[in-house]
Amino acid sequence: MINEQQAEVRIAQVRKQGIATNLQTVKTQLADLREAYAQRKIEETEFRQRERDLMTQSSDLSRQLIEQELQIRQALQQEILGQIERRMAAATAKQQQGENAAVQAIRQQQLARVITEQQAEVQISQVRKQSLQKNLQAVQAQLNELRKAYQERKITELEFRQRERDLITQASDVYRDWE
């Protein structure tokens, strides 16, 4: 099953292919027109009018082709960023579930009087510290993925800088929670 970004990429690629085919057709028509004029098969006024029309079509199609290229690049960028975000969300959710399960197990031991309240608080503190470390590692992993995508020119510098700033802020928040 494909996601929305993948669908947008595929649609834009199909559109691009159609535009490229149309552009090639117009270029072929233009070459044929010029050949016909060179062989004196058409008059100059007709040639100039048809040439102007074909040149306009060619320019319009070239512009559309560039726009489709840009749209494909943007859709690919959104797909890559979406993948990074989904992986981060999954890792965070898994880490949070693990932390919650560990805290719940500690509380159960406390309720069963296997450990004291003080021991429970120490263990919970250790679990939370480990959780923060894992969270920090996940942020670092996401930052590394983002840097790799930027180095491979899969995302723009503007998008990279904005996301990088957000991740650095997130990492700072984790450090703050740690202290």
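# Reading the labels on a four-helix chain

Q: Why does Glu164 count as buried?
A: Its relative accessibility is 14%. Buried means under 20% relative accessible area, exposed means over 50%, and partly exposed lies in between (1.4 Å probe, protein chains only). At 14%, Glu164 therefore falls in the buried class.

Before we go on, a word on the model. It is predicted, so local features need pLDDT of at least 70 and side-chain atom pairs count only at pLDDT 80 or more, while totals for chains, interfaces and linings use all residues. Residues are numbered from 1 along each chain as its sequence is written, and side-chain values use heavy atoms, leaving out hydrogens and water.

Q: What makes the contact between Glu164 and Arg147 a salt bridge?
A: The rule asks for a side-chain nitrogen of Lys or Arg within 4 Å of a carboxyl oxygen of Asp or Glu. Here the closest N and O atoms of Glu164 and Arg147 are 3.5 Å apart, and the pair forms a salt bridge. Glu164 sits in helix α4 (residues 157-178) and Arg147 in helix α3, so the bridge ties together parts that are 17 residues apart in sequence. Unlike buried Glu164, Arg147 is partly exposed, with a relative accessible area of 30%.

Q: How do you know that Arg87 and Glu145 form a salt bridge?
A: Their closest N and O atoms are 2.2 Å apart, which fits the rule. Because Arg87 lies in helix α2 and Glu145 in helix α3, the pair ties together parts that are 58 residues apart in sequence. Both ends are in the middle class: Arg87 is partly exposed at 42% relative accessibility, and Glu145 is partly exposed at 25%.

Q: What parts of the chain does the salt bridge between Arg107 and Glu121 tie together?
A: The closest N and O atoms of Arg107 and Glu121 are 3.0 Å apart. Arg107 belongs to helix α2 and Glu121 to helix α3, so this bridge joins parts that are 14 residues apart in sequence. Arg107 is partly exposed at 32% relative accessibility, and Glu121 is partly exposed too, at 36%.

Q: How many salt bridges does the structure hold, and which residues are linked in a network?
A: There are 15 salt bridges. Arg34, Glu44, Arg48 and Glu51 are linked in a network of them.

Q: What makes α1 roughly antiparallel to α2?
A: Helix α1 (residues 4-38) and helix α2 (residues 44-111) pack at about 160°, with axes 8 Å apart. That angle makes α1 roughly antiparallel to α2, because angles over 145 degrees count as roughly antiparallel (under 35 is roughly parallel, 65 to 115 roughly perpendicular, the rest oblique). The angles run from 0 to 180 degrees between N-to-C directions, and the axes are lines fitted to C-alpha atoms over the stretch in contact. A helix here is a DSSP run of H or I of at least four residues, numbered from the N terminus.

Q: Why is α2 called roughly antiparallel to α3?
A: The axes of α2 and helix α3 (residues 117-151) come within 10 Å and cross at roughly 175°. Set against the cut-off of 145 degrees, this makes α2 roughly antiparallel to α3. By class, their contact has 14 nonpolar, 7 polar and 9 charged residues. For these classes, Ala, Val, Leu, Ile, Met, Phe, Trp, Tyr, Cys and Pro are nonpolar, Asp, Glu, Lys and Arg are charged, and the others, Gly among them, are polar.

Q: Why is the pair of Tyr37 and Phe47 called stacked?
A: The structure holds 2 aromatic pairs. In the pair of Tyr37 and Phe47, the ring centres are 4.1 Å apart and the planes meet at 10°, so the pair is stacked. Rings of Phe, Tyr and Trp (its six-membered ring) pair if their centres lie within 6.5 Å; planes under 30 degrees apart are stacked, over 60 edge-to-face, and the rest tilted. Tyr37 is in helix α1 and Phe47 in helix α2, 10 residues apart. Tyr37 and Phe47 are both buried.

Q: How do you know that Tyr150 and Phe160 are stacked?
A: Tyr150 and Phe160 are 4.6 Å centre to centre with 10° between the planes, and so the pair passes both cut-offs. This pair links Tyr150 in helix α3 with Phe160 in helix α4, 10 residues apart. Tyr150 is buried at 16%, and Phe160 is buried at 4%.

Q: What makes the phi of Arg113 worth a look?
A: Most residues other than glycine have a negative phi. Arg113 is not a glycine, yet its phi is positive, about 65°. Arg113 is in the loop between α2 and α3, and at 75% relative accessibility it counts as exposed. Arg153 also has a positive phi, near 60°; this residue is in the loop between α3 and α4, and at 52% it counts as exposed.

Key. Helices (H or I, at least four residues) and strands (E, at least two) are DSSP runs, numbered from the N terminus.
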